[in-house]
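Subject: A structure for you to explore

Hi there,

Here is the structure I promised to pass on. Have a look at it first, and then read my notes below.

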Amino acid sequence: MEPISTSADDGTLRVVVTGPLDMSLGFDLWYLCQLEHDRYHTFIFDLGRVEELHDSGLAWLMMFQRWATKAKIGVRLINCRPDVGKRCIKAGLEMGSVAPHLSVHAVSAHTV
């Protein structure tokens, strides 16, 4: 299984991360999100398959959140395990839920 997959719907890009989230995924995530920057008003990071959130992965999420805020793009983290969610909340990252239709009607899918 690929560590990053995406689906899109109605101005929202959903990014699913599988395995450990650390800086080894940072470049691929940044490249993907930069390519899609002008197409989406919201990025949703589904962390339900993240086995371990390393400090470098948390730092990447914080950096991305700062960039997105300046660009007026929404960022939400969903499906976090309790330990991952607590770390993200402590770091000031925004947790949220997603509309049910996003998981069903993906208009495009990419794998990095």
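Before the notes, one term: contact means heavy atoms within 4.5 Å. Please also keep in mind that this is a predicted model.

Let me start with confidence. The protein chain has a mean pLDDT of 84, and 84% of its residues reach 70 or more. Strand β2 has the highest confidence, at 95, while strand β5 (residues 108–111) has the lowest, at a mean of 40. Across residues 98–112 the pLDDT is below 50; even so, this stretch has 30 contacts in the model beyond near neighbours in sequence.

Now to helix α2, which covers residues 55–70. How far apart should its ends be? At 1.5 Å a residue, its 16 residues should span 22 Å, and the end C-alpha atoms are 23 Å apart, which agrees. The buried residues of this helix are Gly57, Leu58, Trp60, Leu61, Phe64, Gln65, Trp67 and Ala68. What covers them? The elements that do so include β2 (12–21), α1 (26–35), β3 (42–53), β4 (74–78) and α3 (82–90). Just after α2, look for Lys72, which takes a positive phi of about 60 degrees.

One residue of α1 is a good place to see how that helix meets α2: Trp30 lies in α1. Leaving out residues up to four places away in sequence, Trp30 touches Trp60, Met63, Phe64 and Trp67. Take the pair Trp30 and Phe64: they are 34 residues apart in sequence, and their C-alpha atoms are 8.0 Å apart in space. Is Trp30 buried, partly exposed or exposed? Buried means under 20% relative accessible area and exposed means over 50%, so Trp30, at 26% relative accessibility, counts as partly exposed.

Finally, turn to α3. Its buried residues include Val84, Gly85 and Cys88. These cover an arc of only 100 degrees around the axis, which puts them on the same side of α3. On the other side of α3, Pro82, Lys86 and Lys90 are exposed. The buried residues of α3 pack against β3, α2 and β4. Just after α3 comes Gly92, with a positive phi of about 85 degrees.

If you want a route through the model, try α2 and the elements that cover its buried residues, among them α1 and α3. Then find Trp30 and the residues of its contact list, including Phe64.

Happy exploring!

Definitions and conventions
Residues numbered from 1 in each chain as written. Predicted model: local features only at pLDDT ≥ 70, side-chain atom pairs only at ≥ 80, totals over all residues. Heavy atoms only, no water. Helix = DSSP H or I, 4+ residues; strand = E, 2+ residues; numbered from the N terminus. Expected span 1.5 Å × (residues − 1). Buried < 20%, exposed > 50% of the residue type's maximum accessible area, 1.4 Å probe, protein only. pLDDT = per-residue confidence, 0-100. Arc of directions from axis to C-beta.
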